[in-house]
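The following exercises concern the enclosed and open spaces of a protein model. Each task is followed by a solution that proceeds step by step.

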Amino acid sequence: MAGLAAAHELATAGVEIVVLEGSDRLGGKLRLGEVGGLTLDLGAESILARRPEGLDLIHAVGLDDMVVHPETVTASIWTHGALRAMPPTVMGIPADPAALAASGIAEMPDPRILPAPGRDISVAEFVTERLGRDVLDRLVEPLLGGVYAGHTDQLSLRATTPQIAALGEDLLTAAAENRAAATATGPVFAGLVGGVGQLPAAVAATPGIQVRLDATVRAVRRTSEGWRVSVGPTTDVQIVDVDAVVIAAPAPASARLLAEEAPDAAFALAAIDYASMAIVTFVLDDAVVPEGSGFLVPPVDGTFIKAATVSSSKWGWIGESGRTVIRTSVGRAGETTLLQHDDADLAARALADLRAAFGSLPDPTDLVVQRWGGGLPQYDVGHLDRIETVERSVAGVPGLEVCGAAYRGVGIPAVIASGRAAARRLLDAGTIDS
Ligand SMILES: Cc1cc2nc3c(=O)[nH]c(=O)nc-3n(C[C@H](O)[C@H](O)[C@H](O)COP(=O)(O)OP(=O)(O)OC[C@H]3O[C@@H](n4cnc5c(N)ncnc54)[C@H](O)[C@@H]3O)c2cc1C
């Protein structure tokens, strides 16, 4: 999506673009697939609407009419043996003490007022020192696990939860005030009727963008006129000569491609770890499920799944099918053993957790296990320093840009912003003619 956003920005400025995609389909972590006769998102499924970039791109490619918002945003935490309504929080920091107490999710913390740390620290260190372990384990950890599939004792406060850092010294008071301000604006998330997985193809249809699939880039080298890109299997390498290059691959592939021309960037990118995960989507007939959009699970509770979304309750266009669609996610950074089960076993374990949380459920009519090896980059402590190194190194090489989820935000609007910014820098530098 980052690469396509860059391509869109450049193509609309009149630049001819070739998108070289290594796999046999466009979209990366945006992917549609069929489950029980329904076409559904098997990767990313919602777009943060509080940032403009996702909806801007949807508008630019003419998908405005398809934009929808969730029918329900009431989520639960499955802990202490029950589904418990999630109290209002700012990224897990309780914003309503009475609602937290009523939820039974975590002990009401005895807060400590501490100054902001002078350096980047982990989310766990920051929250535990101020609000104790229970709030971290049962609110912050599941929320961040949902976004980054990571562990708060490694995730960088500055890079992953600047909104928590910005609450200042008195976290609980600031969270209560911040939440009141936040609820005043419109819907937080948006989707597309038919799935957000339609966006990549719509962007790729922009005039001026040419797409080549099964075109793995092996090397990019500067020449006296511009750039030479080597594409395809080593036994049959094809050369593409271009004026400039935007590398929009995940960090490990980008590191390999940058090794010759921007070695400092390559070195910094190679240090970024990725979490692998799987999304198991179930379609059930005649199922009865609790109200709400689904639930998150605190990892301390040791369940197999880390979250479940009742897609048929969340999205009206799925609910209209009359089927019950539930997607569960499995796996966080470092938990590779969880994913070593075969598909049938993985789905059976996920279904067992769903039944434990929801009560009885009929056998699924159909299910699909979608694995996402290297799904989400981990913004560990010090991440933003690493990214500054990458940006400095790449900025020293004319006609070269990088973008994507490895840098400054993993969500769809953030990666679109990253792609657009990379394109703008190329245009502003005047290295390409439009
Ligand atoms: C399971 C899952 C669910 C998610 N859900 C949401 C959600 O609901 N909302 C949200 O905002 N975000 C979500 N995210 C995060 C978000 O979808 C991703 O961070 C984002 O889409 C990544 O976009 P990208 O362009 O940076 O990278 P990618 O999507 O990883 O795309 C990179 C592309 O580069 C290609 N490539 C790699 N190497 C080469 C090479 N050498 N040559 C050519 N091509 C190459 C890959 O094949 C791929 O197509 C989710 C992520 C996952 C894994």
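**Exercise 1.** Determine which helix gives the largest share of the lining of the second largest cavity, and then characterise that lining.

*Solution.* Step 1. Helix α5 (residues 133-148) contributes four residues, the largest share of this lining. The model under study is predicted.

Step 2. The complete lining consists of Glu141, Pro142, Gly145, Gly146, Val297, Pro299, Lys306 and Arg332. Since the bounds of helix α5 are 133 and 148, its four residues can be picked out of the list as Glu141, Pro142, Gly145 and Gly146.

Step 3. Sorted by class, the residues around the second largest cavity are three nonpolar, two polar and three charged. Gly counts as polar in this scheme, and the list contains Gly145 and Gly146.

Step 4. Domain 2 (89-182) and domain 3 (274-377) each provide at least three residues of this lining. The space they border has a volume of about 40 Å³.

**Exercise 2.** State how many cavities of 30 Å³ or more the whole structure holds, and describe the largest.

*Solution.* Step 1. A search of the whole structure yields two cavities of 30 Å³ or more. The largest encloses about 110 Å³ of space.

Step 2. Its lining comprises 14 residues, and Asp41, Glu45, Trp315, Trp317 and Ile318 are the closest to the centre.

Step 3. At least two lining residues come from each of the elements β3 (38-41), β10 (189-192), α13 (316-319) and β19 (324-330). By their numbers, Asp41 falls in β3, while Trp317 and Ile318 fall in α13.

Step 4. At the level of domains, domain 1 (2-69 + 194-271 + 380-429) and domain 3 (274-377) each give at least three residues to the lining of the largest cavity.

Step 5. The class division of this lining is seven nonpolar, four polar and three charged residues.

**Exercise 3.** Identify the elements that supply at least two residues each to the lining of the second largest pocket, and the one with the largest share.

*Solution.* Step 1. The second largest pocket has a volume of about 360 Å³. Of its 23 lining residues, Glu391, Glu401, Val402, Ala421 and Arg425 are nearest the centre.

Step 2. The elements sought are α15 (383-395), β21 (400-402) and α16 (412-429). Among the central residues, Glu391 belongs to α15, Glu401 and Val402 to β21, and Ala421 and Arg425 to α16.

Step 3. The largest share, seven residues, is that of α16.

Step 4. In terms of class, the pocket lining has 13 nonpolar, five polar and five charged residues.

Note on methods
Residues numbered from 1 in each chain as written. Predicted model: local features only at pLDDT ≥ 70, side-chain atom pairs only at ≥ 80, totals over all residues. Heavy atoms only, no water. 1 Å grid on protein atoms, 1.4 Å probe; cavity = no way out; pocket = protein on both sides within 12 Å on 5 of 7 lines; lining within 4 Å. Points joined across faces, edges and corners; volume = space filled by probe spheres on them. Domains from an automatic or database assignment.
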